[in-house]
Structure formats: C-alpha cells, structure tokens
Amino acid sequence: MTESFHRSGEYENPYEGQQQAPVNPEWPPPPAYAPAPAPKKRNRGPVALLAAVAIVAAAIGGGTAYGIQELTGSDTVTSSSTSTNVVPSAQKGTVAGVAKAVSPSIVEISAASNAGSATGSGVIITSGGEIVTNNHVVSGASQIKVTTSDGKSYSAKVVGTDSKKDLALIKLENASGLKAATLGDSSGLQVGDQVVAIGSPEGLSGTVTSGIISALDRDVTVPTEEDQGQQQFQQGDGWPFEFGGRQFNGDTGSDTTTYKALQTDASLNPGNSGGALIDMNGNIIGINSAMYSPTGAASSSSDAGSVGLGFAIPINTVKADLAKLRAGSTD
C-alpha cells in the first residue's frame, strides 16, 4: 500500500468515508512518534584551525607573499624558494614572460659625485622604495636619481653600504605602491640553468638579455675605493675587476674585496651593474656586479663590450646582508 501526504503535511487517511470501529474514550491515546535524535555536532575547532594553518602554508609556499607584505607593511621583503613561479603560467619558462613579470621591479640609477657621474641599475625589494644595488654604483655619491620602468623619477638616499660584498641599500623619497621583486634562493643553482639579466647598460633602461649559469663560486675581486667605480663608468670601460691573479678593465687599485660570484654568459655591459640576474620562474637569484671586457683603461669606449663573461653576487649573500644594510652600515 502506497502512502501519500497532503502539502499541508497532514496525513491522508486511506479509509476516509468508510465506516470505522468506535473508539472508547477511556482507551489511552496512541503513542506519539518519538522525535528523531538531534545529530551530534562535530567538533570543528581543531579541524578548522588545521585547515587555516594549511591554507596559510599553501599561500606562502605558492608564492603569494605579496598579500602578506601588504598586510604587514611596505618594508617587508618578499622571499621565496626556487619553485615559486612569479611568471604567469601562460608564459612560464620564457624570456618574454620573465621580462614582463620582473621589469617593473628594475630601476635605473644615476649617481653624481665630485669624481664624476655613474649610471647603474637596481632592484626594488619593498613596495615602499628600498632598492638593492652595487656599492660601486653609489659610493661617494652626493646626489642619486632613480627612474622606474614607467618613467617616474625619484630622489634617493643611501641607507647602508657594504664595500666588502659590493652591496648597497638605497631608499626612494616619497615612494609607495612599487612592485617589489621576489628574492629567490641561489643555493640550488646549477651550471646550465637558464637565466635572464635586466638592467640599464649604457643608460638603455629596461634592456633584457638571456643566457645560462656558466660557473658557480667564482672568486671575483673588485675595488672598494669610493671613486673607482665612478671613474670607470665615466670612462665607459666597464667594471675593473681581478680574476685568477689578472686585472681586467683597468687597475683595480690597492683597496679591493673578493667575493664568491655566479658566472653567466648573459650579456652584461656598463650600466648593468646593480641590476638583476633572474631565474626562469621570475625570482631574483643574483645582483649583477662585474664583467670581463678585453679593453683596457687606455682603449676607446667604443671597443668595450660583453664577451659572455659576467658575474653576479648570489642573492643569498644579499639576503644575509640586508639587516646590516638596513641598520645603516657604512663598511
């Protein structure tokens, strides 16, 4: 027998209209249906907490540290593992994709001093305008002008320097909302890894070149004198540096420093100094700092140029030095 219900929820009596047996009022009423037991509430406290932790971990692991940076302030540096992909998936692994994603974070630096003028590059590391560059780009500068990829110009001040690592931190005045680069991890690099270099060689801002990591842990010696880098830029002879006991691009002088560098065949020229060496995921893995050029100080600048031997300071060295630079180091 099939039962049915009215829409009002009342039970439809299938025997309605038929004669029914009398009901004795003394009989007890039929038992009511027992209500169904309420479902037990699941304890969602720990589960919800674990889920929240998992989401945060996934966000950080997935490279969305930009949102965390915006919540914690404009002076937070975005750092990532080598697996973080800054480049949109449609252009993943392409030079064009890397250039489009990272170029807004690379600036041109013009520094003036009593010794002359210098043109170099820098990498924006916070949205508030902190920029990493080479010490020899800004050393001894009395005035620093920075131009971003969209053509805006800012004045900048030196925050801290480390001549032993050829690093400097400068800060733009009245800047906000800039696109900060993502600092990667240089410890996992291998010879043969593809890289992209972005900088302002000879004042040609936003120039992009590409190549590979051709060697690791090269001992490169560069000058630390305040005016050495300025003079070399002015002469157009590249960066003077020493490798394997030989001096290139002119005399490095008596006051020098040696550091472990990444070697790349990505084309670097005067003005690339302080710019970015980038992996194919769009992470900064080095700060370009020196190059080999066959010309000497007495040669004409028209003969100078890259021959596929460039050097960059590993980004892990930069990250380890940031606290010191922010504290106003003048080493």
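Gln 263 is found in strand 11, which runs over residues 256-264, and it makes a good place to start our walk through this predicted model. With a relative accessible area of 8%, Gln 263 is buried, because buried means under 20%. Its side chain has a polar contact with the side chain of Arg 218, at 2.7 Å. Setting aside residues up to four places away in sequence, Gln 263 touches Ile 212, Ile 213, Ser 214, Ala 215, Arg 218, Leu 309, Gly 310 and Phe 311.

Asp 217 has its place in strand 8. Asp 217 has a phi near 55°, a positive value in a residue other than glycine. Is Asp 217 buried or exposed? With a relative accessible area of 56%, Asp 217 is exposed.

**Helix 6 and its surroundings**

Let us turn to helix 6, which covers residues 315-326. How far apart should the ends of its 12 residues be? At 1.5 Å a residue they should span 16 Å, and the end C-alpha atoms are indeed 16 Å apart, so the expectation and the model agree.

The buried residues of this helix are Ile 315, Val 318, Asp 321, Leu 322 and Leu 325. They cover an arc of only 145° around the axis, which puts them on the same side of helix 6. The spacing has a simple background: an α-helix has 3.6 residues a turn, so residues three or four places apart point the same way. On the face turned away from the buried side, helix 6 carries the exposed residues Ala 320 and Ala 323.

What covers the buried residues of helix 6? The cover includes strand 3 (130-133), strand 5 (153-162), strand 6 (167-172), strand 13 (284-291) and strand 14 (310-314). After the helix comes Gly 328, whose phi is positive, near 90°.

One of the buried residues in helix 6 is Asp 321, and its relative accessibility is 3%. Leaving aside neighbours within four places in sequence, Asp 321 is in contact with Asp 162, Lys 165 and Leu 167. The C-alpha atoms of Asp 321 and Lys 165 are separated by 8.7 Å, although the two residues are 156 residues apart along the chain.

**Salt bridges**

How many salt bridges does the structure hold? There are five, and the table shows three of them, each with the distance between its closest N and O atoms.

| Residue | Partner | Closest N and O atoms |
|---|---|---|
| Arg 326 | Glu 130 | 2.5 Å |
| Asp 162 | Lys 165 | 3.6 Å |
| Asp 162 | Lys 324 | 3.6 Å |

Arg 326 forms its salt bridge with Glu 130. This pair links distant parts of the chain, with Arg 326 in helix 6 and Glu 130 in strand 3, 196 residues apart. Arg 326 has a relative accessibility of 35% and counts as partly exposed, whereas Glu 130, at 7%, counts as buried.

Asp 162 appears in two rows of the table, with Lys 165 in one and Lys 324 in the other. The pair of Asp 162 and Lys 324 also links distant parts of the chain, from strand 5 to helix 6, 162 residues apart. Which of these residues are buried, and which are partly exposed? Asp 162 is buried, with a relative accessible area of 0%. Lys 165 counts as partly exposed at 29% relative accessibility, and Lys 324 does so at 31%. Asp 162, Lys 165, Lys 324 and Asp 331 are linked in a network of salt bridges.

Asp 166 is found in the loop between strand 5 and strand 6. Its phi is near 55°, a positive value in a residue other than glycine. At 1% relative accessibility, Asp 166 counts as buried.

**Helix 3**

Our last stop is helix 3, made of residues 95-102. Its buried residues are Gly 97, Val 98, Ala 99, Ala 101 and Val 102. The cover over them includes strand 1 (106-113), strand 7 (194-199), strand 8 (207-223), strand 12 (276-279) and strand 13. Strand 13 is also among the elements that cover the buried residues of helix 6.

Conventions: Residues are numbered from 1 along each chain as its sequence is written. This is a predicted model: local features need pLDDT of at least 70, side-chain atom pairs count only at pLDDT 80 or more; totals for chains, interfaces and linings use all residues. Side-chain values use heavy atoms; hydrogens and water are left out. Helices (H or I, at least four residues) and strands (E, at least two) are DSSP runs, numbered from the N terminus. The expected span of a helix is 1.5 Å times one less than its number of residues. Buried means under 20% relative accessible area, exposed over 50%, partly exposed in between (1.4 Å probe, protein chains only). The arc is that of the directions from the helix axis to the C-beta atoms. Contact means heavy atoms within 4.5 Å. A salt bridge is a side-chain nitrogen of Lys or Arg within 4 Å of a carboxyl oxygen of Asp or Glu. A polar contact is a pair of N or O atoms within 3.5 Å; within protein, one must be able to donate a hydrogen and the other to accept it, and residues adjacent in sequence count only if both atoms are side-chain atoms.
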